[in-house]
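Let's take a walk through this model together. Here it is, with its sequence.

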Amino acid sequence: MHATATPNVEPAAMPASPKPKLGPLGAQPALSETAAMVQQTVHRFAEEVLRPVGIRLDKLTPDEVIAPDSPFWKARKQYLDLGFTIESIFELEPSERAEVLCVLFEELGWGDAGLAISIGAGLLPAFMAAAFGNRFLMERFPDTMLGCWGITEPDHGSDSLDANRMIFHPQGNYGRPNCVATLDGDAVVINGQKSAWVSNGTIAEVCILYCAADSGNGPDSRRGCAVYVPMDAPGVSRGKPLDKMGQRALNQGEIYFDNVRLSKDYLLAGPDDYLTAVYAIHTFANSIMATVFTGTARSAYELALDYAHERKQGGLPIIRHQSVAHRLFHLARKVECSRALAQRVVHYNLTNDPPALHAGMMAKITSTQHAFEVASDALQIFGGNGLTREYPIEKILRDARASLIEDGCNEVLAIKGGAYLVDEERA
Ligand SMILES: Cc1cc2nc3c(=O)[nH]c(=O)nc-3n(C[C@H](O)[C@H](O)[C@H](O)COP(=O)(O)OP(=O)(O)OC[C@H]3O[C@@H](n4cnc5c(N)ncnc54)[C@H](O)[C@@H]3O)c2cc1C
């Protein structure tokens, strides 16, 4: 028998049963000073401006959302006044840029998904010009100009996002593109239209247009081009703002091009670089969508958590009922999981060349699917109240539903993501 040794170290000063509280970003590793400042500033903006404005816009008609006296415009100006310009973001080294973009877009998505997407899509032309290092386009189209990204067409949704035809059906036929840019000497001449789904489509000041190109042998959607179109150029017109079930604060609508003639200086990518340009924007857009819908999921979770502490049934706050606490735990778990993957993927994609589109797809699918599930379960915790427009949870559920289709239907993204896993040398 051995005598028990007396430990010569003082036990750590920890209560027998610790119950630490996680912060708003959950089990988040310490943020850099800049990212922490961005997170706090944007959270305040999301709480005081985006969320209340988003709730008001949700109840308006699509025309009212963009009317000159709409709160949409004031909120946009207030966002620009925060000063988080593309230029300042590009001054950060890539890993800090990734950190800042993640907290920025999570907080915007926490405030309102539709307005977060409006801001994100609005920045895409400036972001892509900076990412491609195109000085002329950066100066001609600064991020104070509201942007949009036109790629999908009435006859081409999922297939326009599969520009390299990686998952094209063997018996399929792309058919006619709805929009074609003819490359004519030093000019680009655009004819046709983009789909009603273009975010900011009826209000944008600049469109980064991805479409088929005709270099003299007829239109080719695989050898297309990415061209910056000032929306006041002669020949540009727009459709009616789209009326839809979720993200109603996000303006969407068709853009029409009737012999729009631009200098070739407005090309970001010509036919030889088109597939690279589609890959780049889709990777960035999917990765950022993941951060936005992490924020949307978090907003639903936090509302349900508060409600579960306030609402009493059977003489107790409902969170004391184990099934409610259990459900809330899974909501928190899904938010945490979305954030971890979104941050990891944005970091990978901003610090690796080439970035990984399929990693962006994993993050987008995970966050949007979680946002939908979290919003739906959060609504269940609200009981009957959740179904009424008195509470914001039904709106968040509608917003999250749209995200399963936005930026590529999740099932199509997963099919294409699977194709990236195939190793041709082994199978
Ligand atoms: C909120 C929102 C914002 C958007 N913003 C923009 C924007 O800024 N710019 C822009 O250009 N577009 C935008 N879109 C359009 C969006 O990218 C498309 O809606 C999406 O890519 C799907 O295209 P579709 O709607 O034409 O559906 P379709 O492609 O017609 O698909 C219909 C159904 O068929 C299935 N399907 C189609 N092809 C395949 C396939 N190959 N394999 C298996 N199943 C398939 C799909 O999964 C889906 O269920 C936005 C959409 C939404 C909802």
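Where is the place of Pro354? Look in the loop between H9 and H10. Before going on, a word on the ground rules: this is a predicted model, so local features need pLDDT of at least 70 and side-chain atom pairs count only at pLDDT 80 or more, while totals for chains, interfaces and linings use all residues. Residues are numbered from 1 along each chain as its sequence is written, and side-chain values use heavy atoms, with hydrogens and water left out. As for the labels, helices (H or I, at least four residues) and strands (E, at least two) are DSSP runs, numbered from the N terminus.

Back to Pro354. At 57% relative accessibility, Pro354 counts as exposed; the cut-offs are over 50% relative accessible area for exposed, under 20% for buried, and partly exposed in between, using a 1.4 Å probe and protein chains only. The peptide bond leading from Asp353 into Pro354 is cis, with omega near 5°. Along the chain, Pro354 and Ala280 are 74 residues apart, yet 8.7 Å separates their C-alpha atoms.

Two other spots have unusual backbone angles. Most residues other than glycine have a negative phi, and most peptide bonds are trans. Asn200, not a glycine, has a positive phi of about 70°. You'll find Asn200 in the loop between strand E3 (187–193) and strand E4 (206–214), and at 0% relative accessibility Asn200 counts as buried. Asn259 also has a positive phi, near 50°, but the place of Asn259 is in strand E7 (residues 255–263).

Asn259 leads us to the interior, since it is one of the residues that Ile190 touches. Which others does Ile190 touch, not counting residues up to four places away in sequence? They include Cys179, Val180, Ala181, Leu209, Val227, Val229, Phe257 and Leu262, where contact means heavy atoms within 4.5 Å. Ile190 sits in the largest nonpolar core, which has 114 residues; Ile190 is listed with Leu104, Leu108, Tyr210, Tyr228 and Val229 as having the most contacts inside it. The largest share of this core, 17 residues, comes from helix H8 (residues 274–310). A nonpolar core here is a set of buried Ala, Val, Leu, Ile, Met, Phe, Trp, Tyr and Cys residues joined through side-chain atoms within 4.5 Å. Apart from the core just described lies another, of six residues, with Ala290, Ala342, Ala356 and Ala363 among them.

H8 also packs against helix H5 (residues 94–111), at an angle of about 50° and with axes 7 Å apart. Axes are lines fitted to C-alpha atoms, for helices over the stretch in contact, and angles run from 0 to 180 degrees between N-to-C directions. H5 and H8 are therefore oblique to each other; angles under 35 degrees count as roughly parallel, over 145 as roughly antiparallel, 65 to 115 as roughly perpendicular, and the rest as oblique. From the H5 side, the contact includes Leu101, Phe105 and Trp110, and from the H8 side Phe284, Ile288 and Arg298 are among those they meet. Sorted by class, the contact of H5 with H8 has seven nonpolar, six polar and four charged residues. For that count, Ala, Val, Leu, Ile, Met, Phe, Trp, Tyr, Cys and Pro are nonpolar, Asp, Glu, Lys and Arg are charged, and the others, Gly among them, are polar.

Now follow helix H10 (residues 357–381). Its axis and that of helix H12 (residues 410–421) come within 9 Å and cross at roughly 150°, which makes H10 roughly antiparallel to H12. Among the residues making this contact are Met361 and Ile365 of H10, and Leu413 and Tyr420 of H12. The residues of the contact divide into seven nonpolar, five polar and two charged.

H10 has another partner, helix H11 (residues 393–403): their axes come within 9 Å and cross at roughly 155°. H10 and H11 are therefore roughly antiparallel to each other. Lys364 and Phe372 are among the H10 residues that meet H11, where Ile396 and Leu397 are included. By class, this contact has nine nonpolar, three polar and three charged residues.

Two last stops. Ala419 lies in helix H12 and touches Met166 and Ile167, not counting residues up to four places away in sequence. Ala419 and Met166 are 253 residues apart in sequence but 7.2 Å apart in space, C-alpha to C-alpha. Lys334, in helix H9 (residues 322–351), counts as buried at 14% relative accessibility.
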